[in-house]
Amino acid sequence: VQPWRDTAGEVAGIIVFAEDITERRQAEDEVRRLNAALERRVAERTAELRAANKELEAFTYAVAHDLRAPLRAMSGFSAALKEDHGALFDGDAAACLQEIIEGSQRMSDLIDGLLTLSRATKGKLQRENVDLSAIARRICLELARQEPERVVHWEVEDGLRARGDRRMLEAALYNLLGNAWKYTVRTPHAEIRMIAQKIESRPGFCVVDNGAGFDMRHAGKLFAPFQRLHRRDEFPGIGIGLATVQRIILRHGGQIQGTSAPGQGAKFCFTVENHAVAGPGEMDE
Ligand SMILES: Nc1ncnc2c1ncn2[C@@H]1O[C@H](COP(=O)(O)OP(=O)(O)OP(=O)(O)O)[C@@H](O)[C@H]1O
Ligand SMILES: [Mg+2]
């Protein structure tokens, strides 16, 4: 509503502007309705996925668990056979028996791996400020203690922090540093470093070693459970470590990638979604 003035500037009437907003209202209502429907559908799908995931977890856990009892019988009886009746077996039969014993040990390791993987991300994700530098140093000291004969030069950058689940992040670091440790076993001057590095402009962390490395052509298999890029007689392992690490990182909303070349060492970098912004005084580690 505006005054209408005549040529002398006197108010001679009023001008009323009117706009029909019915259509706009309708459009807005429609957008609101669609949004609500979309949100409902996302919530439903999320719930469905969560349920399916839980079921799969429970299934894996139950199967792994249930496999243990018959396996124990196999390994127990084959060990007893060797011990109590070993003299009855000639070369060929003894070799077969040995294969059974080793096979059941391997299966037991694989089951343990499955359980480790399924336990790794079990439970609610606790978000707290985690001092990755302190954890990494503790792990390196522990690895060094386990193999005192090895000379490994390790270095962890100060002030590496992330916001996440301490237990899970610790398990992830244990696997990454453990790999660096393992795959440098035949490197004359073994070096392991943990450093901060931006990944796609997000704060990230890298574990770098100068060990055996791997061929990037097979990098697609790195994080798949039970897939290995080295033979078991070269380096022991079952191939569950990086699968566990990836699960943990994805659960945090982060990413992980590995780069390497044969004989050139390896570098594993990851992000953890909510990078800590807390000052040193607020750290709980
Ligand atoms: N630091 C590394 N240097 C060279 N190769 C690596 C490194 N880390 C991982 N790999 C390769 O990736 C594969 C998968 O790693 P992962 O940790 O899942 O399994 P693993 O170390 O073989 O066994 P596990 O961790 O279950 O004992 C390894 O078998 C190895 O070939
Ligand atoms: Mg490993």
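How far from an oxygen atom of ligand 1 does a polar side-chain atom of Tyr 183 lie? In this predicted model, the separation between a polar side-chain atom of Tyr 183 and an oxygen atom of ligand 1 is 3.0 Å. Lys 182 likewise places a polar side-chain atom 2.9 Å from an oxygen atom of the ligand, and for Arg 228 an N or O atom of the side chain is found 2.5 Å from an oxygen atom of ligand 1. Of the 590 Å² that ligand 1 exposes when taken alone, 94% is buried by the protein.

The site occupied by ligand 1 is the largest pocket. Two or more residues of the surrounding shell are contributed by each of helix H4 (166-182), helix H5 (241-251) and strand E9 (266-271). There are 19 residues around ligand 1, and those that come nearest are Asn 179, Arg 228, His 230, Ile 240 and Leu 242. By residue class, the shell comprises nine nonpolar, seven polar and three charged residues. Arg 228 thus appears both among the residues that come nearest to the ligand and among those with a polar side-chain contact to a ligand oxygen atom.

Turning to covalent cross-links, a search of the whole structure finds one disulfide, in which Cys 206 is joined to Cys 269 with an S to S distance of 2.1 Å. The torsion about the S-S bond of Cys 206 and Cys 269 is about 110°, and the disulfide is therefore right-handed. Because Cys 206 belongs to strand E7 (residues 202-209) and Cys 269 to strand E9, the pair ties together parts that are 63 residues apart in sequence. Strand E9 is also one of the elements that give two or more residues to the shell around ligand 1.

How values were computed. Residues are numbered from 1 along each chain as its sequence is written. Chains are lettered from A and ligands numbered from 1 in the order in which they are written. This is a predicted model: local features need pLDDT of at least 70, side-chain atom pairs count only at pLDDT 80 or more; totals for chains, interfaces and linings use all residues. Side-chain values use heavy atoms; hydrogens and water are left out. A residue is near a molecule or strand if one of its heavy atoms lies within 4 Å of it. A polar contact is a pair of N or O atoms within 3.5 Å; within protein, one must be able to donate a hydrogen and the other to accept it, and residues adjacent in sequence count only if both atoms are side-chain atoms. Accessible areas come from the Shrake-Rupley method with a 1.4 Å probe; for residues, only the protein chains shown count as cover. On a 1 Å grid over the protein atoms alone, a cavity is a set of points where a 1.4 Å probe fits but cannot get out, and a pocket is an open set with protein on both sides within 12 Å along at least five of seven lines; lining residues have an atom within 4 Å of a point. A molecule sits in a cavity or pocket if more than half of its atoms lie within 2 Å of its grid points. Helices (H or I, at least four residues) and strands (E, at least two) are DSSP runs, numbered from the N terminus. Ala, Val, Leu, Ile, Met, Phe, Trp, Tyr, Cys and Pro count as nonpolar, Asp, Glu, Lys and Arg as charged, and the others, Gly among them, as polar. A disulfide is a pair of cysteine sulfur atoms within 2.5 Å.
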